[in-house]
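Subject: Structure for your review

Dear colleague,

Please find below the structure that I am handing over to you. My notes on it follow directly after.

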Amino acid sequence: QVQLVESGGGLVQAGESLRLSCAASGSIFSIDAMGWYRQAPGKQRDMVATMTSGGKTKYVDSVKGRFTISIDNAKNTGYLQMNSLKPEDTAVYYCNALIRDYSDHGFDYWGQGTQVTVSS
């Protein structure tokens, strides 16, 4: 069984930065892909950024140039560096990972979410 635990959320002012972490633990052979999603109150969960094990990244237009996704495979941890935060970035941020176990089976996992609140 694999668990994803997010951390790093909080309350910041517009223009400030936060770094979210997503630590994976359990039977992990490799992290094939990782993504960050967010859900604001009353809205659907949307993709923010994704990254494959090969380093290919994708960002929603609204965060391009401000957010950076990365994966430290040695630590089985992913990160979302968020700079120049805006009030519209306020949401619960969820980590998602496609993880391969030692039986070469790939499974999709979600973290519990971490709140990011940006005040104006």
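I begin with E6, where the backbone nitrogen of G113 lies 2.5 Å from a polar atom of the E6 side chain. Please bear in mind throughout that this is a predicted model. The side chain of E6 also reaches the backbone nitrogen of Q112, at 2.9 Å. E6 belongs to strand 1, and its relative accessibility of 5% falls under the 20% limit, so E6 counts as buried. Setting aside neighbours within four places in sequence, E6 is in contact with S21, C22, W36, Y93, Y94, C95, G111, Q112, G113 and T114. Q81, by contrast, is 75 residues from E6 in sequence and 13 Å from it in space, C-alpha to C-alpha.

A second residue of strand 1 is V2. V2 has 7% relative accessibility and therefore counts as buried. Residues up to four places away in sequence excluded, V2 touches S25, S27, I28, I99 and Y109. The C-alpha atoms of V2 and W110 are separated by 9.7 Å, although the two residues are 108 apart along the chain.

Strand 1 is also part of an open sheet of four strands, in the order 1-3-8-7, with antiparallel pairing. Strand 1 (2–7) and strand 7 (67–72) stand at the edges with a single partner strand each, so one side of each has no neighbour in the sheet. From one strand to the next, the twist averages 15 degrees. Strand 1 and strand 3 (residues 18–26) run antiparallel and are joined by six bridges. Within this region, S7 stands opposite S21 of strand 3.

Turning to the interior, the largest nonpolar core comprises 30 residues, and those with the most contacts inside it are L4, W36, L80, M82, Y93 and I99. The elements that contribute two or more residues to this core include strand 1, strand 3, strand 4, strand 5 (46–52) and strand 11 (114–119). Strand 9 supplies the largest share, five residues. As for L80, its contacts, not counting residues up to four places away in sequence, are L18, R19, L20, W36, V48, A49, F67, T68, I69 and Y93. In general terms, nonpolar side chains tend to be buried together in soluble globular proteins.

Y93 appears again in connection with R38, since a polar contact of 2.9 Å joins the side chains of R38 and Y93. R38 lies in strand 4 (residues 30–39). With 14% relative accessibility, R38 counts as buried. Beyond four places in sequence, R38 touches Q44, R45, D46, V48, S62, V63, F67, D89, A91, V92 and Y93.

Finally, the model contains three aromatic pairs. In one of them, the rings of F29 and Y102 have their centres 5.7 Å apart and their planes at 75 degrees, so the pair is edge-to-face. This pair links distant parts of the chain, 73 residues apart: F29 is in the loop between strand 3 and strand 4, and Y102 is in the loop between strand 9 and strand 10 (106–110). Both F29 and Y102 are exposed.

Yours sincerely

Methods: Residues numbered from 1 in each chain as written. Predicted model: local features only at pLDDT ≥ 70, side-chain atom pairs only at ≥ 80, totals over all residues. Heavy atoms only, no water. Buried < 20%, exposed > 50% of the residue type's maximum accessible area, 1.4 Å probe, protein only. Polar contact = N/O pair within 3.5 Å; in protein donor to acceptor, adjacent residues only side chain to side chain. Contact = heavy atoms within 4.5 Å. Pairing = 2+ DSSP bridges. Axes fitted to C-alpha atoms, helices over the stretch in contact; angles between N-to-C directions. Core = buried A, V, L, I, M, F, W, Y, C linked by side-chain atoms within 4.5 Å. Phe/Tyr/Trp six-rings, centres within 6.5 Å; stacked < 30°, edge-to-face > 60°.
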